[in-house]
Amino acid sequence: MNAVPADASVIAQRLHLATGFHASERDWVVERLAALGSRLRSYRDDQVDLEITLKNREDVGQRVILQCWISSAHRLHLVATSSERRLSSALNEVRDELIRQVDEAKTRTEPRSNRSLRSIPLAPEIG
């Protein structure tokens with residue numbers, strides 16, 4: 001029985017394998033990108049779309065492109081690329097880069113990053 005971790009299920013539901021990947025590689029790719037799932041869980045499933053593309057497979061110019069579209073207050077389009085020769089290394093690199101970008105996007109939009117929104121004005125003293 002294939003038990004899918006919660007983080008991987010987010011990826012499995014939203015990931016579209018584009019050019020360069022075989023359908024038989026889907027589970028392996030989802031497993032490699034699973035760590036990204038914890039960052040995307042804060043968004044509803046219908047707010048996230050992922051697409052991964054592999055160009056020039058096993059060639060000097062091999063390139064992996066992972067794109068993420070997030071529809072929340074405004075539509076974000078995040079892109080991570082890697083030109084690593086080993087496919088597993090390239091997947092790790094795009095995963096880590098997209099995690100960084102998602103974290104950065106969340107930081108920019110959360111009120112806690114805005115000091116004026118999180119400070120509480122002092123009540124005037126009576127007396």
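Contact here means heavy atoms within 4.5 Å, and the model shown in all of these views is a predicted one.

**View 1. The surroundings of arginine 95 in helix H3.** Arginine 95 is found in helix H3 and, leaving out residues up to four places away in sequence, touches Arg32, Leu33, Ala35, Leu36 and Leu66. With a relative accessible area of 16%, arginine 95 falls under the 20% limit and is therefore classed as buried. Its side chain also forms a salt bridge with aspartate 96, the closest N and O atoms lying 3.0 Å apart, and a polar contact of 3.0 Å joins these two side chains. Aspartate 96 has a relative accessibility of 42%, which places this residue in the partly exposed class. In addition, Glu97, Arg100 and Glu104 are joined into one network by salt bridges that share partners.

**View 2. The salt bridge between arginine 57 and glutamate 25.** The closest N and O atoms of arginine 57 and glutamate 25 are 2.3 Å apart, and the two residues form a salt bridge. Arginine 57 lies in the loop between strand S2 (48-55) and strand S3 (63-71), whereas glutamate 25 lies in the loop between strand S1 (15-17) and helix H2 (26-40), so the pair ties together parts that are 32 residues apart in sequence. The partners fall into separate accessibility classes, for arginine 57 counts as partly exposed at 29% relative accessibility, while glutamate 25 counts as buried at 14%. The count of salt bridges comes to 7.

**View 3. The salt bridge between arginine 39 and aspartate 103.** The side chains of arginine 39 and aspartate 103 meet in a salt bridge with an N to O distance of 2.9 Å. Arginine 39 belongs to helix H2 and aspartate 103 to helix H3 (residues 87-109), and the pair thus links distant parts of the chain, 64 residues apart. Arginine 39 is partly exposed, with a relative accessible area of 27%, and aspartate 103 also counts as partly exposed, at 27% relative accessibility.

**View 4. The largest nonpolar core, with leucine 15.** Of the 32 residues in the largest nonpolar core, those that touch the most other members are Leu15, Leu40, Leu50 and Ile52. At least two residues of this core are supplied by each of helix H1 (6-14), S1, H2, S2, S3, strand S4 (75-82) and H3, and the largest share, 8 residues, comes from H3. When its neighbours within four places in sequence are left aside, leucine 15 is in contact with Arg26, Val29, Val30, Leu33, Leu50, Glu51, Ile52 and Leu66.

**View 5. The bend and the buried residues of helix H2.** Helix H2 bends by about 55 degrees at alanine 34, and alanine 34 is itself one of the buried residues of this helix. The full set of buried residues in H2 consists of Val29, Val30, Leu33, Ala34, Leu36, Gly37 and Leu40. As background for reading such a pattern, an α-helix has 3.6 residues a turn, so residues three or four places apart point the same way.

**View 6. Serine 88 in helix H3.** Serine 88 has its place in helix H3 and is buried, with a relative accessible area of 13%. Apart from neighbours within four places in sequence, serine 88 is in contact with Trp28 and Arg32.

**View 7. Asparagine 56 in the loop between S2 and S3.** Although asparagine 56 is not a glycine, this residue has a positive phi of about 55 degrees. The place of asparagine 56 is in the loop between S2 and S3, and at 47% relative accessibility the residue counts as partly exposed.

**View 8. The protein chain as the setting for the close-ups.** The protein chain has 4 helices and 4 strands, which follow the pattern α-β-α-β-β-β-α-α when read along the sequence. Among the 127 residues of the chain, buried residues make up 35%. Of the contacts in the chain with a separation of 6 or more, 50% are accounted for by residues 24 or more positions apart. The accessible surface of the chain comes to about 8300 Å², of which 49% belongs to carbon and sulfur atoms.

Terms used:
Residues numbered from 1 in each chain as written. Predicted model: local features only at pLDDT ≥ 70, side-chain atom pairs only at ≥ 80, totals over all residues. Heavy atoms only, no water. Salt bridge = Lys/Arg side-chain N within 4 Å of Asp/Glu carboxyl O. Buried < 20%, exposed > 50% of the residue type's maximum accessible area, 1.4 Å probe, protein only. Polar contact = N/O pair within 3.5 Å; in protein donor to acceptor, adjacent residues only side chain to side chain. Core = buried A, V, L, I, M, F, W, Y, C linked by side-chain atoms within 4.5 Å. Bend = angle between axes of the 7 residues up to and from the residue. Areas by Shrake-Rupley, 256 points an atom, 1.4 Å probe, with all protein chains shown as cover.
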